[in-house]
Amino acid sequence: MSDTYSHLSSRDSAPPSGSSSGAAQAEPSRGISAASDTIESATQRAFNSTSLYLQSELETSVSDLQLLEKLNDASITKYEGISRQAQDMLVHAYKIKQTYNEMEAQIAEVDALVDSIKNLEEVADELDRYSLQIEAKFQRLLK
């Protein structure tokens, strides 16, 4: 950058037209050199500040991406666990269905036995009523 402004800070350059004294000649040259140094330092500070800003933005982006990666890994682990539980539940549901299908014939037999017992109870009640009627007739005949 100093090469770009070297013509401004050169002390060997010819005095500007209209200058007649050597003291007046040295004064503008020092002013240009000081201005050049000020511009260079301001430019350097600006580049340093921009560099620090961009570096911090990149670091923030990297940390955000690392956090997202951790969240994705945690989600994968969680959903793998849920998937295993769902598969286990399907296996248990299938076993329960098989057991029910195996027991369905026995359940039907139990239902048939319950119906038969109800019929037997009805018949027993009718026989009980009939036997009471016969007993009442027998008692009347004995009197």
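**Secondary structure and surface patches of the predicted model**

The secondary structure of the protein chain comprises 2 helices and 0 strands. The model under analysis is predicted. Of the 143 residues in the protein chain, 3% are classed as buried. The accessible surface of the protein chain amounts to about 12,700 Å², of which 58% is contributed by carbon and sulfur atoms.

A nonpolar patch was identified on the surface, with an area of about 400 Å². Leu-65, Leu-67, Leu-68 and Leu-71 make up this patch. Leu-71 belongs to helix H2, which spans residues 22-142. The relative accessibility of Leu-71 is 47%, and this residue is therefore assigned to the partly exposed class, the range between 20% and 50%.

A negative patch was also found on the surface, formed by Glu-121, Glu-122, Asp-125, Glu-126 and Asp-128. Among these residues, Glu-122 is located in helix H2. Glu-122 is classed as partly exposed because its relative accessible area is 48%, a value under the 50% limit above which a residue counts as exposed. Helix H2 thus carries Leu-71 of the nonpolar patch and Glu-122 of the negative patch.

Definitions and conventions: Residues are numbered from 1 along each chain as its sequence is written. This is a predicted model: local features need pLDDT of at least 70, side-chain atom pairs count only at pLDDT 80 or more; totals for chains, interfaces and linings use all residues. Side-chain values use heavy atoms; hydrogens and water are left out. Patches are made of residues with over 30% relative accessible area and no salt bridge: like charges are joined within 9 Å, nonpolar side chains (Val, Leu, Ile, Met, Phe, Trp, Tyr) within 5 Å. Accessible areas come from the Shrake-Rupley method with a 1.4 Å probe; for residues, only the protein chains shown count as cover. A salt bridge is a side-chain nitrogen of Lys or Arg within 4 Å of a carboxyl oxygen of Asp or Glu. Helices (H or I, at least four residues) and strands (E, at least two) are DSSP runs, numbered from the N terminus. Buried means under 20% relative accessible area, exposed over 50%, partly exposed in between (1.4 Å probe, protein chains only). Lys and Arg count as positive and Asp and Glu as negative; His and the chain ends are not counted. The place of a charge is taken as NZ of Lys, CZ of Arg, CG of Asp or CD of Glu.
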